[in-house]
Amino acid sequence: MVKKEKLYYSQTEIANELKVSQATISRLLRFKDIQPEKRDGKTKKYSKEQLKHISFLLSDKKEKATESTLNDKLFKELKKEIESLEQDKKDYQKQIDQLQEQLKMAQINLNQSQQLQLEQSKKIKELEAPKEDQNGDVKEENSNETKSQQKKSFWSRVFGN
């Protein structure tokens, strides 16, 4: 038996044909302002072309829903990536701060060692320079005097005997 194609469809038949609820069809017809081709009493009848148009609108709506779902997934993935990058940025900033602190400490240590070296070089120059007496004359040290001081006992050097 050959199935006879219908020329007009009711809202219930359209819903069954497209496998959606009757409320979905009713809502779509109302929002898209699709008027019935004919009325059979209280029943509104829609043509085959209108059925195709409704089918297209529903498929477009499904594609948009799928697209929206994909966009939501993409948005969530990007949001996670951004959060990860922000955490990495915080970690790198901490590392930079630590390295800057270490650099400051190294500079302080370097300055201190330079100061110590300068003081040592000044002391060495003072020890190597010839001594002047109160009149401003350069006094040459006698090796005999230093030798005699070295031979004196501790107590005689302390008390000046």
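Is Thr24 buried or exposed, and what is its relative accessible area? Thr24 is buried, at a relative accessible area of 17%; buried here means under 20% relative accessible area, exposed over 50% and partly exposed in between, with a 1.4 Å probe and protein chains only. The views below start from the whole chain and then move in.

**View 1. The whole chain is a predicted model with 5 helices and 5 strands.** Because this is a predicted model, local features need pLDDT of at least 70 and side-chain atom pairs count only at pLDDT 80 or more, while totals for chains, interfaces and linings use all residues. Residues are numbered from 1 along each chain as its sequence is written, and side-chain values use heavy atoms, with hydrogens and water left out. Helices (H or I, at least four residues) and strands (E, at least two) are DSSP runs, numbered from the N terminus. Reading from the N terminus, the order in the protein chain is β-α-α-β-β-α-β-β-α-α. Of its 161 residues, 13% count as buried. Take the contacts (heavy atoms within 4.5 Å) between residues at least 6 apart in sequence: 51% of them join residues at least 24 apart.

**View 2. Helix α1 (residues 11-18) crosses helix α2 (residues 22-31).** Two packed helices are described by the angle between their axes and the distance between the axes. Here the axes come within 8 Å and cross at roughly 115 degrees. That makes α1 roughly perpendicular to α2. The axes are lines fitted to C-alpha atoms, for helices over the stretch in contact, and the angles run from 0 to 180 degrees between N-to-C directions. On the scale used, angles under 35 degrees count as roughly parallel, over 145 as roughly antiparallel, 65 to 115 as roughly perpendicular and the rest as oblique. The crossing of α1 past α2 is right-handed, meaning that the near helix is turned clockwise from the far one by less than a right angle; anticlockwise would be left-handed.

**View 3. Side chains meet where α1 contacts α2.** From α1 come Gln11, Thr12, Ile14, Ala15 and Leu18, and from α2 come Gln22, Ile25, Ser26 and Leu29. Sorted by class, the contact holds 5 nonpolar, 4 polar and no charged residues. Ala, Val, Leu, Ile, Met, Phe, Trp, Tyr, Cys and Pro count as nonpolar, Asp, Glu, Lys and Arg as charged, and the others, Gly among them, as polar.

**View 4. Each of the two helices has its own set of buried residues.** In α1 the buried residues are Gln11, Ile14, Ala15 and Leu18. Look down the axis of α1 and these residues fall within an arc of 100 degrees, so they line one face of the helix. The arc is that of the directions from the helix axis to the C-beta atoms. An α-helix has 3.6 residues a turn, so residues three or four places apart point the same way. In α2 the buried residues are Thr24, Ile25, Leu28 and Leu29. They cover an arc of only 130 degrees around the axis, which puts them on the same side of α2. Turned away from that buried side, the other face of α2 carries the exposed residues Arg30 and Phe31. Back to Thr24 in α2: its C-alpha is 9.8 Å from that of Gln11, 13 residues apart in sequence.

**View 5. Leu18 sits in helix α1.** Not counting residues up to four places away in sequence, Leu18 touches Ile25, Leu51, Ile54, Ser55 and Leu58. The C-alpha atoms of Leu18 and Lys52 are separated by 9.8 Å, with their places 34 residues apart along the chain.

**View 6. Lys19 and Asp33 have positive phi although neither is a glycine.** Lys19 follows α1 and belongs to the loop between α1 and α2. Its phi is about 60 degrees, and Lys19 is exposed, with a relative accessible area of 74%. Asp33 lies in the loop between α2 and β2 (38-40). The phi of Asp33 is about 50 degrees, and at 54% relative accessibility Asp33 counts as exposed.

**View 7. Two buried serines, Ser10 and Ser47, and what they touch.** Ser10 is in the loop between β1 (8-9) and α1 and counts as buried at 11% relative accessibility. Beyond its neighbours within four places in sequence, Ser10 is in contact with Thr43, Lys44 and Lys45. Ser47 belongs to strand β3 (residues 43-47) and is buried at 7% relative accessibility. With neighbours within four places in sequence left aside, Ser47 is in contact with Leu7, Tyr8, Tyr9 and Glu37.
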